[in-house]
Amino acid sequence: AARRCAATGDAPAVRGRLRVLHTQLLLRGGTRVPLLPAGPEAFWRATLPSDELRRRLGSAGAGAGVARARRPRAALNGGAHAPWGELTERGADEAFAVGVRLERWLAETGDGIAGEEEEEEAPRTATTVVSTDDSRSMLTAKAVLSGLCLPGQRLAVNSAGSAHLRLGTAAAADGAAEAEGEAADAGSASRPAEEGEDAAPRLDAGLELAEALGLDAGLLAGAGWPRLLDVAESAAAFGLLARGDLTEATRRALLAAPLLSAQALAAGGSAKLARLARLVLAPCLRAAHSHEASGAERLRVAVLPGFSLLCLARLWHLGGASAWPAPATGLLLETLADEGGAAFVRFWQLRDSWEVRPSWHEGQGPVQLVQLLGAGPEQGHGQQQAEGGALTAQTSWAANTCAFR
């Protein structure tokens, strides 16, 4: 029922009925192996996709006669390099399910994105797929394409803008180097995290997590919150860590760490976060101005770090989406136009078709695009105050924001 309200003019600013101009899915990568060693390598290697599945994912979305850049063999063969930070078979299945779910969503809108066959000479370019340049994100995007049926369209994953999709992380030459660099920034075994008021709870959490997983206590000694969350999340995904294995205080601290980091970045007026927001909203703006043009983009899938997703949700004050996103989850943005030509945006959580709205938005209808373009920290200032000093008093936890993925 909530899904169908997008077709009606239920907001005072909407004139007549609404129609969908553009759909954009912002997705976190699927379940992965921990970024750095955490337990027997043989166990984690067994969670990787088979070579056959990787080959199928590598060709997803490429039509006949379309040249594709060849991926390094290490990116297609799980046995050629260490598994740390790689997409797991479970993660590929999650992303495939997202593609299937997205296809059903598009069919319900009736906008023809997944429509007609095109002539060989002039294929329609209606869909764009972008991701960061690490192997996990690229394969996640390919798995989404495998589940998304788009007849007549030939697609490739574009990672040229990788650096702009990350917040605080320099682009790396490959996924493994990026994993090492980001985990090092997180305060892993390569160097201890900086001391602060959270040093004691961080140390306790590391010891508790190591004991629960049967790891050497020194492996997580001095680790930062990103490293601890990474290990806990990966272990829980494969049944190595049950909910009761960690105290409630530790579990809450692990999940609060990225939220505090994102809040500090969003409230601080980060130029890079503002640039990411403009990059995400640019297709919405183009759709509002040129949706009738031949070959206009109608669908975009962007695979980006979970921390980038979280920061966008905090920047736009999307209360229902402002928690650490699970693997292969994210936000879906629909760009709409009313009968008067005004452009609007609606936010959805694709997994459960649940609509989320900015806290500053009044009414039940979609948000005007022009309002969203001007959204910033000051618009949600009242809510930030209401959320209280719990966020502002613990901003020392916001160090190493680039490492949350």
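Biologist: Which polar atoms does the backbone oxygen of Gly29 lie close to, and at what distance?

Modeller: In this predicted model, the backbone oxygen of Gly29 lies 2.9 Å from a polar atom of the Arg136 side chain. A polar contact is a pair of N or O atoms within 3.5 Å, so this pair fits the cut-off. The side chain of Arg136 also reaches the backbone oxygen of Gly30, again at 2.9 Å.

Biologist: Where does Arg136 lie, and what is it in contact with?

Modeller: Arg136 lies in helix α5, which spans residues 135-147. Beyond its neighbours within four places in sequence, Arg136 is in contact with Arg28, Gly29, Gly30, Arg32, Gly85, Glu86, Leu87 and Arg405.

Biologist: Which side chain of opposite charge is nearest to Arg136?

Modeller: For a salt bridge, look for a side-chain nitrogen of Lys or Arg within 4 Å of a carboxyl oxygen of Asp or Glu. Here the nearest side chain of opposite charge is that of Asp134, 5.7 Å away. Arg136 is thus buried yet without a salt bridge.

Biologist: Let's try another arginine. Is Arg298 buried or exposed?

Modeller: Buried means under 20% relative accessible area. Arg298 has 14%, so it counts as buried. Arg298 is found in the loop between α11 (271-290) and β4 (299-303). Its C-alpha atom is separated by 8.9 Å from that of Pro283, 15 residues apart along the chain.

Biologist: And which residues of helix α2 are buried?

Modeller: In α2, residues 51-58, the buried ones are Leu53, Arg54, Leu57 and Gly58. They cover an arc of only 140 degrees around the axis, which places them on the same side of α2.

Note on methods:
Residues numbered from 1 in each chain as written. Predicted model: local features only at pLDDT ≥ 70, side-chain atom pairs only at ≥ 80, totals over all residues. Heavy atoms only, no water. Buried < 20%, exposed > 50% of the residue type's maximum accessible area, 1.4 Å probe, protein only. Helix = DSSP H or I, 4+ residues; strand = E, 2+ residues; numbered from the N terminus. Arc of directions from axis to C-beta. Lys, Arg positive; Asp, Glu negative; His and termini not counted. Polar contact = N/O pair within 3.5 Å; in protein donor to acceptor, adjacent residues only side chain to side chain. Contact = heavy atoms within 4.5 Å.
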